[in-house]
Amino acid sequence: MDKSKQSFRKSKRSFRRRLPPIGSGDRIDYRNMSLISRFLSEQGKILSRRTNRLTLKQQRLITIAIKQARILSLLPFRNNEKQLERVESIPRTTGPRTKNK
């Protein structure tokens, strides 16, 4: 075989298999708060599938479980604790704003 044709072949790499973050015994459910909280950011956002290292099916189930927990008030829609502290410490001015000419 020519060298030019050999260069277009895909190289066979050995991929290291990562351990899945969800074990076989873990049940993806809106009541399993210890499992669900691992897939949320500090702001309460759902982390991406690439960050979580989940399969597509697992990511869909996690997303549905998080949304169900939010609707049932088991999880907040947003986590604003740090932002509220920062907003309260900012001094506010009273009165109308005027432009300087």
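The accessible surface of the protein comes to about 9900 Å², and carbon and sulfur atoms account for 51% of that area. These values, like the others below, refer to a predicted model. Of the 101 residues of the protein, 19% count as buried.

## Overall organisation

The protein has five helices and zero strands. Read from the N terminus on, the order of elements is accordingly α-α-α-α-α. Among contacts between residues at least 6 apart in sequence, 50% join residues at least 24 apart.

## The nonpolar core

The largest nonpolar core has 11 residues, namely Ile22, Leu35, Ile36, Phe39, Leu40, Leu54, Ile62, Ala65, Ile66, Ala69 and Leu75. Helices α2 (33–36) and α4 each supply at least two residues of this core. The largest share, four residues, comes from α4.

One member of the core, Ala69, touches Tyr30, Leu74 and Leu75, when residues up to four places away in sequence are not counted. Tyr30 also appears in a second relation with this part of the chain: the C-alpha atoms of Gln68 and Tyr30 are separated by 6.1 Å, although the two residues are 38 residues apart along the chain. Gln68 is found in helix α4 and, at 36% relative accessibility, counts as partly exposed.

## Leu47 and its surroundings

Leu47 is found in the loop between α2 and α3. With a relative accessible area of 24%, Leu47 is partly exposed; the residue therefore falls outside the buried class, which requires a value under 20%. Leaving aside residues up to four places away in sequence, Leu47 touches Arg38, Phe39, Leu40, Ser41, Asn52 and Gln59. Two of these partners, Phe39 and Leu40, belong to the largest nonpolar core. Leu47 and Thr63 are 16 residues apart in sequence, and their C-alpha atoms lie 9.4 Å apart in space.

## Salt bridges

The structure holds two salt bridges. One of them joins the side chains of Asp26 and Arg38, with an N to O distance of 3.7 Å. Asp26 lies in the loop between α1 (3–6) and α2, and Arg38 in the loop between α2 and α3, so the pair ties together parts that are 12 residues apart in sequence. Both partners are partly exposed: Asp26 has a relative accessibility of 36%, and Arg38 has a relative accessible area of 44%. Arg38 is also one of the residues that Leu47 touches.

The other salt bridge is formed by the side chains of Asp29 and Arg31, at 2.8 Å from N to O. Here the partners fall into opposite classes. Asp29 is buried, with a relative accessible area of 15%, whereas Arg31, at 58% relative accessibility, counts as exposed.

## The loop between α4 and α5

A nonpolar patch on the surface is formed by Ile71, Leu72, Leu74 and Phe77, which together have about 450 Å² of accessible area. Leu74, a member of this patch, is found in the loop between α4 (56–71) and α5 (81–89). Leu74 is partly exposed, with a relative accessible area of 43%; this value is over 30%, so Leu74 meets the accessibility requirement for a patch residue. Leu74 is also among the residues that Ala69 touches, and Ala69 is itself a member of the largest nonpolar core.

Ser73 has its place in the loop between α4 and α5 as well. The backbone of Ser73 has a positive phi of about 65°, although the residue is not a glycine. At 63% relative accessibility, Ser73 counts as exposed.

## Positive phi values

Arg53 likewise has a positive phi, of about 60°, without being a glycine. The place of Arg53 is in the loop between α3 (49–52) and α4, and its relative accessible area of 41% makes this residue partly exposed. The two residues are set side by side below.

| Residue | Phi | Loop | Relative accessible area |
|---|---|---|---|
| Arg53 | about 60° | between α3 and α4 | 41%, partly exposed |
| Ser73 | about 65° | between α4 and α5 | 63%, exposed |

How values were computed: Residues numbered from 1 in each chain as written. Predicted model: local features only at pLDDT ≥ 70, side-chain atom pairs only at ≥ 80, totals over all residues. Heavy atoms only, no water. Patch = residues over 30% accessible without salt bridge, like charges linked within 9 Å, V, L, I, M, F, W, Y side chains within 5 Å. Areas by Shrake-Rupley, 256 points an atom, 1.4 Å probe, with all protein chains shown as cover. Salt bridge = Lys/Arg side-chain N within 4 Å of Asp/Glu carboxyl O. Buried < 20%, exposed > 50% of the residue type's maximum accessible area, 1.4 Å probe, protein only. Contact = heavy atoms within 4.5 Å. Core = buried A, V, L, I, M, F, W, Y, C linked by side-chain atoms within 4.5 Å.
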